[in-house]
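Reader: Please show me the model. I want to know what stands behind the labels you use for helix packing.

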Amino acid sequence: MSDEQHRYTPEEIDDLRERVDIFRALSAAIDRWPEVARLAFAAASPRLLVEQLCELLGIGEAGATAITEMQIVRLSEAQREKIRSQLAEQEAELARALEQ
């Protein structure tokens, strides 16, 4: 069955939205890495860092938590491009799901 024929359930759409939010957060963190690194270095606690990332990047808690759990500083250019590519794929799939 092709993606065009797949009928998305509300739960699948929610999962897609969460994945898109996380990839958007990771992409935003990569784009603003110097600011993210400064926050991470200065944060008094992981919880405070999540809150500050949400505010800095305009993202949700799931995305901010994903940023804190990844070692973004160690990502190669190819890995950063893969995150951006996955974001585009997830956004396209979410758009298809919302069109049904």
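Helix packing and the core

Author: This is a predicted model. Helix 1 and helix 4 make a right-handed crossing. Their contact uses Glu18, Ile22, Ala25, Leu26 and Ala29 from helix 1, and Ala62, Gly63, Ala66 and Ile67 from helix 4.

Reader: Why are helix 1 and helix 4 called oblique to each other?

Author: Their packing angle is about 50°, with the axes 8 Å apart. Under 35 degrees would count as roughly parallel, and 65 to 115 as roughly perpendicular. The angle fits neither class, so the pair is oblique.

Reader: What makes up the contact of helix 1 with helix 4, by residue class?

Author: Seven residues are nonpolar, one is polar and one is charged. Gly counts as polar and Glu as charged.

Reader: Why are helix 3 and helix 4 called oblique to each other?

Author: Their axes cross at roughly 120° and come within 9 Å. Roughly perpendicular covers 65 to 115, and roughly antiparallel starts over 145. The crossing lies in neither range, so helix 3 and helix 4 are oblique. Their crossing is right-handed. Among the contact residues are Leu53 and Leu57 of helix 3 and Ile67 of helix 4.

Reader: Which residues touch the most other members of the largest nonpolar core?

Author: Leu53, Leu57 and Ile67, out of 24 residues. Helix 1, helix 3, helix 4 and helix 5 each supply at least two residues. Helix 1 gives the most, with eight.

Reader: What is Leu57 in contact with, leaving aside neighbours within four places in sequence?

Author: Ala25, Ala28, Ala29, Arg32, Val36 and Ile67.

Methods:
Residues numbered from 1 in each chain as written. Predicted model: local features only at pLDDT ≥ 70, side-chain atom pairs only at ≥ 80, totals over all residues. Heavy atoms only, no water. Axes fitted to C-alpha atoms, helices over the stretch in contact; angles between N-to-C directions. Helix = DSSP H or I, 4+ residues; strand = E, 2+ residues; numbered from the N terminus. Left-handed = near helix turned anticlockwise from the far one by under 90°. Contact = heavy atoms within 4.5 Å. Core = buried A, V, L, I, M, F, W, Y, C linked by side-chain atoms within 4.5 Å. Buried < 20%, exposed > 50% of the residue type's maximum accessible area, 1.4 Å probe, protein only.
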